[in-house]
Amino acid sequence: MKIKPYRALLGFMIIIIFMSACGQKETKNNLIIGNKSSEIISNIAVQRVGKTDVMGSNLKHNEHCYFDMGVQENCTYIVEFEDANNKSIHSKKITSNFNENDIVNINIFKDDKGKWSIILENQNK
């Protein structure tokens, strides 16, 4: 009978940890890059003046990675990734506005002919 209160406390602590992690993701990151292709992509990088952020993990179909771009207007940056199968690198220069309230979404596609595309899905005004 003494074990049950400890299990309840452990369960409560796990829930608190998960809730705090989810809250940080939504408030801090304002650039989301999604893999909409059936291929695995890796080494996703966002390069801007004076800073490069790299997400090295492999993204499968419909997985996303998140970046904190701060608050900036007319921010020009390069989105770059590696095709994990062919080891080829693809990139695109994009300009966006970043603020605390909106999220910029970029999706990566590969068409039937094998051509990769990096597409800015929305742009806050």
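Me: Arg48 and Asp53, are they buried or exposed?

Reply: Both Asp53 and Arg48 are buried. Bear in mind that this is a predicted model.

Me: OK. And what do the two side chains form with each other?

Reply: A salt bridge: the closest N and O atoms of Asp53 and Arg48 are 3.2 Å apart.

Me: How many salt bridges does the structure hold?

Reply: Three. Lys110 takes part in a salt bridge with Glu39, at 3.8 Å from N to O. Lys110 also pairs with Asp83, where the closest N and O atoms are 3.9 Å apart. Glu39, Asp83 and Lys110 are thus linked in a network of salt bridges.

Me: Where do Lys110 and Asp83 sit, and how far apart in sequence are they?

Reply: Lys110 is in strand S7 and Asp83 is in strand S5, so their salt bridge ties together parts that are 27 residues apart in sequence.

Me: And where's Glu39?

Reply: Glu39 is in the loop between S1 and S2 while Lys110 lies in S7, so that pair joins parts 71 residues apart in sequence.

Me: What about burial in that network? Start with Asp83: what's its relative accessible area?

Reply: Asp83 comes out at 0%, so it is buried. Glu39 is buried too, with a relative accessible area of 19%; the cut-off for buried is under 20%. Lys110, at 26% relative accessibility, counts as partly exposed.

Me: Switching to the sheet. What's the strand order in the open one with four strands?

Reply: The order is S4-S1-S7-S8, and the pairing is mixed. Strands S4 (64-67) and S8 (116-120) each have a single partner strand, so one side of each is left without a neighbour in the sheet. From one strand to the next, the twist averages 20°.

Me: How do S1 and S4 pair, parallel or antiparallel?

Reply: Antiparallel, over four bridges, with S1 covering residues 31-35. Gly34 stands opposite His64 in S4.

Me: Now the largest nonpolar core. Which residues have the most contacts inside it?

Reply: Leu31, Ile33, Ile44, Tyr77 and Ile106, in a core of 20 residues. S1, S2, S4, S5, S6, S7 and S8 each supply at least two residues of this core.

Me: Which strand gives the most to this core?

Reply: S5, with four residues.

Me: Take Ile106, then. What does it touch?

Reply: Leaving aside residues up to four places away in sequence, Ile106 touches Leu31, Ile32, Ile33, Gly34, Tyr77, Val79, Ile94, Ile118, Ile119 and Leu120.

Note on methods. Residues numbered from 1 in each chain as written. Predicted model: local features only at pLDDT ≥ 70, side-chain atom pairs only at ≥ 80, totals over all residues. Heavy atoms only, no water. Pairing = 2+ DSSP bridges. Axes fitted to C-alpha atoms, helices over the stretch in contact; angles between N-to-C directions. Core = buried A, V, L, I, M, F, W, Y, C linked by side-chain atoms within 4.5 Å. Buried < 20%, exposed > 50% of the residue type's maximum accessible area, 1.4 Å probe, protein only. Contact = heavy atoms within 4.5 Å. Salt bridge = Lys/Arg side-chain N within 4 Å of Asp/Glu carboxyl O.
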